[in-house]
Every structure is written in structure tokens, then in C-alpha cells.
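Please work through the exercises below with the sequence and the coordinates open beside you. Each task is followed by a solution that proceeds step by step.

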Amino acid sequence: MRRILSFLVLGFGLFALGVRADDVPEGPVSLSSPGNILSVTIDAGPSGVTYSISRFGEPVIDASRLGLRFKDARALATGLAVTHVETRSVDETWPLPWGERAEVRNHFNELAVDLREVREEKGLDKGRSFRVVFRLYDDGLGFRYEIGKQSGIGAVEITDELTEFKFHDDATAWWIPGRQWNRYEYLYEKTPLDEVTMAHTPITMRTTGGLHISVHEAALLHYAGMSMRRVGPRQFVTDLAPWSDGVKVKTKAPFVTPWRTLQIADSAPGLINSDLILNLNEPNKLGDVSWVEPGKYVGIWWGMHLAIESWGSGPIHGATTENTKRYIDFAAKYGFKGVLVEGWNEGWDGDWFNNGDLFSFTKPYPDFDLEALGKYAAERGVRIIGHHETSGSVTNYENQMADAFKLYEKVGVRQVKTGYVANGGEIIRRDKKGHVFNEWHDGQFMAEHHERVLIEAAEHKISINAHEPIKDTGLRRTYPNWIAREGARGQEYNAWGEPGNPPSHTAILPFTRMLSGPMDFTPGIFDLLFEKEKPDNRVETTLAKQLALYVVLYSPIQMAADLPENYEKRLDAFQFIRDVPTDWADSRALTGEIGEQVTIVRKDRHSEDWYLGSLTDDHGRLLSVPLNFLTPGVTYKAQVYRDGLQAHWDSNPYDMIIEEIEVTSADTFPIRLAAGGGMAVRFTPAQ
Ligand code: NOJ
Ligand code: CA
């Protein structure tokens, strides 16, 4: 009879408790999360190794396969036996230099299972071994493969990761397609789980039983990004983005894979209130990062998307010395720290989309005086935010990167927005002989490229905000200068037109893309219809919803994306953008249903103020939240920016009420959201 070993591991105290090594078990091995909510069971039989997950004893993931397949060696998948098991518990807190909260609690039970080939066959790779590590939290789990140094495994080419996910229950899924030309910039599909084809992660679902699950990965380094490919009813397999030669990962033992993660919660807000992805990343490698500066910025940007300015040279060139001074003056006047300047460098003329090799990252256009502007900005307490659009010509960028960051550092730049505008699978890598290879934005080449950028940038005290990036997997913990990224459809789609972002888009993002980390969405468009510039396009929100985005869509850097003249016409509403911080002591999602509505409150890191953002899809809603996050016994002044009674995103988007009321922690706060609307509130202790 098989014996099930259950290791009851209780975690107390601040640091890891001692490691416990157990005898070689005869049957499946299991472990539970600290609060005995989630458990995993690993079973190694002749036909392979599987894991399964349950929650409160009910199955969530049925026995699903584990393993790796190689180009020139037998797969590590079958004929394996458990040789050793270790468990440990960790309960610690660690500080976030910037983020949604000041400290993160990392509380998990870990199960490490060593597996070894036992088959009686001849061959060099007989007897190879590896370890599978599971970390169980109460709100989710991560697991990865660890391949140690050994004679049977040296340099390897991984052709497939065999990790499967067999969901026990049917579900509704929110997802975007993986391995497509437009990278992560698709509108989310909402379909039955069994209509998913291949999805990027995070992919989020709600089961028929009401459980909320999001699958993603953490700490994607020296490996290819994973998509989820459906191979049967409720059954998915890991699908790694390949190199141009078809191999998925080129590596050498010892190595570890990224963590495969599952967030599991009863409610949709429960997904947002989890730190799983950050916890599974390695601690800060950069040491003192006081030079990483969260904050708000404006920039020479929206004018290009409205086509009233150009990146390239000519009569409507945006990045002129004069225009940049105008933006610096505006930033200084209204308290913004940064001015992004796009189109300042040579290479934009002609078809920049297809001529990335022509970009210079050190030669400004003649009508742009970078050094003088650096000084002009510094004198006004502002910094230029740099821009490196590569058009996906990555080797061209890498060749210039060191000089480019050196130049920016010299003129006081602390943040650079990078860009990889190229179709999926068309990143240009050149070898030493100049031969071109096409790579994916989420393949191993780009995972390693982004890390090279972060390391080089850190040498110059520069933070990176990547557009058309690889997805976020929590690496901001290890590299705190990875300050934000795009990686979903942002505001710009509203300027580009059919289709723009429908009202539901920003009600889906918090439960999908945002679970991976901060997004440079660029909120705050006040001229929602831009009838002069692009009469056929518009922003599909109310004005109040543009304000709510600053709280709902977390990023340590937030742009006030509209043209300065549009803000000066609505200084009353602009006040909220001026006030709202971008660095938080605490954050909590209070209400939410995927694609319908969400309410998040956050406490400022540098004052006693709290902020609330709430938004809805194209349905009006009446919500209410208890204000019990406020300090009891203190009266707060609430500055409320809400949809007017006639507001509607389509017919009456500007109708907004700005009012001030007094509240305490004992109050329940009503949130009336118009169709496509939102609400933003600042709570300040009354004197
Ligand atoms: C796409 C980026 O998302 C956008 O912000 C930028 O202006 C253009 N590329 C040009 O780099
Ligand atoms: Ca983009």
C-alpha cells in the first residue's frame, strides 16, 4: 500500500526555520500552505512526474505533468524516482524601495523534491537528476525546476517545457493571444476556458465554483517567456517562445527555470491583494537605489499621437529646444518632476518603423540642444526623461547603449523610456558577421537583453520604462531600476482609433496585466474627443474616470499625458493629478469583478493621506465601501471627483462634480459611477 507523507510545517518567527530533510518516501509527497489553504501533491511513477493542487481539500489542478525536453538528450520526464525530499518554512518581511506598499510579507512553506532517472538503459544521460521546488502561500503558489551541476548535463538546448496545467473545473477566462504580431497589445478576450487557444500570461479565470485563478510566471531570467497552449479540455501546456532556430532555451547546468505561478482567491480583489510574484523574485541586486525616482511626468508625446507634432524633423518637429522649454516651464509650474522628450535623436525621418538600424542614441537633431535643456530643467527642479526607440533593432541599440546612457547621465537624466516597436517575432538580432536573426519580444534573447539594459543603465543611475517590452515577472524586486513598462494596450490606442480601448478595458487590466507589475498606461487625457485633431477617434471614458486611473492602474511613474493647454482649461480637475502620489505605504483593492468594476485605496508614503480610485465598464453602478482603512477617531476632508448626474462616457463625458465632504473611518462611502465612469478621492486629515 502506498503511504502518503504529509509534512506539517508551521512557520513562526521572522526568518527561515531550519530545513527538514526526510527519508526517501515511497509514495506521493504533499505539503500545505501556512494556513492549510492550498496543498500540493507530487507523484513520481514510471510514466512521469505529476503535481496536483487542491484548496481546502477540493481539487483545483488535477494531476499535471512535469518535465523538460532537450535537443540532443533524452527528456527529463519519465523513469524518474524521488530520491530526497526537503521542506522548510519562511515568514519574513522585506522592504520595497518603492511600490504599492512599504513592506511585503513573504510567508510560505516549501517542498523540494529531488528526482533521479532510474531506468535500466545504457546511455550517457542515465542517472541524471533535478529538483522541483514548490512554494505554497495561502494566496497562491510557485514552482520551478532546478537543474544542478552534474556530469550528465552540461550545455543544453531545451526544446520544450512539459509543464501542464489541468484545471479541475470549467471557467470563464480573460486572455490575450500569445505568439502574435501585436505582442501584448490586444483587447482581452472573455471566453469559456475551453475556447482559449494560446494565451499570454497572466491569464485570469473564474471557475464555475467562483474561484479566481491567475496563471503567470515570476523571475523570468535567462529563459524564454511562457505562453499557455490549450491541448485538451481544461488542459494547458507551457509553450516557450522560441529562438529564431526553434530552440526554446540555450543554457548550461546549473540553472533554474522561472517560477510557474498560480494566484488563487475567492474574490477578484483577492488577486490584486497578493504579493506572490514579487515574493518569488530574488532580492535587490543593485544596493543603494535612492537614485530611482518615482514621480509624475509630462512630455512631448501626445501631440505626436494626435499627429499635430512629429518625431522626425520638419515643420512640426515636437522635440525642439523651444517646445521642450515650454514643457519644462509647465512641469515646474505645476509640480511635475519629469519631461519626456521623444523624437530628439536622429533616425526618425522616413520609415522609422522599418529602419531601426538608422537610430543614433547620441546624436540629437540640430534643433534640439540636449545639454542646454538639461541645465534649463535642473535650474527649475525638473529632469528630462530620455527616450530610446529601437524599432526592435536590438543589436544596433546594444552597440550604442553604453555611450547613450553616459550621455544621458551627463545631462541629468535619471529615467529612460525604451521602445521596441516591431512585430512579434521580428526583433532584429545580428551576429558578429552581421547576419540578421528574427527573435520574439518574449524569447530568451529579449529576456537577456532587458537584463543587460538594466545593468548598464544602473551604472549610470538610470531607471528604465520599457515599451513593447517583455512581460513583467516581478524583476523590479531584483532590479529596482526597472521602474515601469507598457505590455498591454495603453492610452495611445485611443488616439489611433478603430478600435480604441472600450470602457471595459481598464476594468480588465487590474485583474490581468496589472497582476504582473506596474504599467505606464499614460492616463489623464482631458480633451476626450480631440475633435480638431482626430474627429473620428476619441477616449471612451468620462473625465472622472481619467482621474481614477491614477489610483487604479499602479505605476511609480505616472504621466499627465494630455497637452498642457488642455490642463490649463480644467485646472479644477487637474488638481487631482497634481496631488496624487505615485509611491505608496499601503494599497488595498476593496471591490472588483473582472471586466466590470474595481475600487482600490492607497495610502501615500509621505503623508497621512489616502486616495481612492474606482471605475466601471460601460454600465453605471452604485457601489459602497466602508472607510475603515482610515485612522479611527480622525476626521478627514474628502476631495471627491465624481461623475455628474448626467455623465455618460458616450453622450456626456465631461459632466463631473468636484466637492469636499467630511468623513471618518466609521462611514460607509457611496460610489456612484456613470456608464464608462469613475471616481477619484483624496482623503486628508482635517486640521
Ligand atoms: C510606442 C510607444 O508605446 C509610444 O509611447 C511611443 O510614443 C512610440 N512607440 C514611439 O516610440
Ligand atoms: Ca506601445
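## Exercises on a predicted model

Val 104 lies in strand E9, which spans residues 103-117. The model used throughout these exercises is a predicted one.

**Exercise 1. Determine whether Val 104 is buried or exposed, and list what it touches beyond its sequence neighbours.**

Step 1. The relative accessibility of Val 104 is 0%, and because buried means under 20%, Val 104 counts as buried.

Step 2. Once residues up to four places away in sequence are set aside, Val 104 touches Glu 92, Thr 93, Trp 94, Leu 96, Asp 275 and Asn 279.

Step 3. For one of these partners, Trp 94, the separation from Val 104 is ten residues in sequence and 5.4 Å in space, taken from C-alpha to C-alpha.

**Exercise 2. Describe the protein donors of the calcium ion (ligand 2) and classify the site.**

Step 1. The protein donors are Glu 185 (OE), Glu 468 (OE), Glu 486 (OE), Glu 486 (OE) and Glu 492 (OE), and they lie 2.2 to 3.2 Å from the calcium ion (ligand 2).

Step 2. The six donor atoms of the calcium ion (ligand 2) form angles of 52 to 158°. An octahedral site would need opposite donors over 155 degrees apart and all other angles between 65 and 115, and the site is accordingly classed as irregular.

Step 3. Along the sequence, the donor residues of the calcium ion (ligand 2) follow the spacing E-x282-E-x17-E-x5-E. Within this set, Glu 468 sits in the loop between strand E30 (463-467) and strand E31 (482-485), whereas Glu 486, 18 residues apart from it, sits in the loop between E31 and helix H8 (492-496), and the pair links distant parts of the chain.

Step 4. Both Glu 468 and Glu 486 are buried.

**Exercise 3. Establish the surroundings of His 305.**

Step 1. His 305 is found in helix H3, residues 302-305, and with a relative accessibility of 7% it counts as buried.

Step 2. Apart from neighbours within four places in sequence, His 305 is in contact with Trp 311, Glu 492, Ala 495, Trp 496 and Lys 534; among them, Glu 492 is also a donor residue of the calcium ion (ligand 2).

Step 3. Lys 534 is 229 residues from His 305 along the chain, yet their C-alpha atoms are separated by 9.7 Å.

**Exercise 4. Work out how helix H6 is oriented relative to helix H7, and how helix H4 is oriented relative to helix H12.**

Step 1. The axes of H6 (residues 394-410) and H7 (residues 444-459) come within 10 Å and cross at roughly 10°, and the two helices are therefore roughly parallel to each other.

Step 2. The residues of H6 that meet H7 include Val 394, Tyr 397 and Phe 405, and those on the H7 side include Phe 445, Met 446 and Val 453. By class, this contact has nine nonpolar, one polar and three charged residues.

Step 3. The axes of H4 (residues 321-334) and H12 (residues 571-579) come within 11 Å and cross at roughly 80°, which makes H4 roughly perpendicular to H12.

Step 4. Here Phe 330, Lys 333 and Tyr 334 in H4 meet Leu 571, Phe 574 and Arg 578 in H12, and by class the contact has four nonpolar, no polar and two charged residues.

Definitions and conventions:
Residues numbered from 1 in each chain as written. Chains lettered and ligands numbered in written order. Predicted model: local features only at pLDDT ≥ 70, side-chain atom pairs only at ≥ 80, totals over all residues. Heavy atoms only, no water. Axes fitted to C-alpha atoms, helices over the stretch in contact; angles between N-to-C directions. Helix = DSSP H or I, 4+ residues; strand = E, 2+ residues; numbered from the N terminus. Parallel < 35°, antiparallel > 145°, perpendicular 65-115°, else oblique. Contact = heavy atoms within 4.5 Å. Nonpolar A, V, L, I, M, F, W, Y, C, P; charged D, E, K, R; others polar. Donors = N, O, S within 2.8 Å, 3.2 Å for Na, K, Ca; no water. Tetrahedral: all angles 85-135°; square planar, octahedral: opposite > 155°, others 65-115°. Buried < 20%, exposed > 50% of the residue type's maximum accessible area, 1.4 Å probe, protein only.
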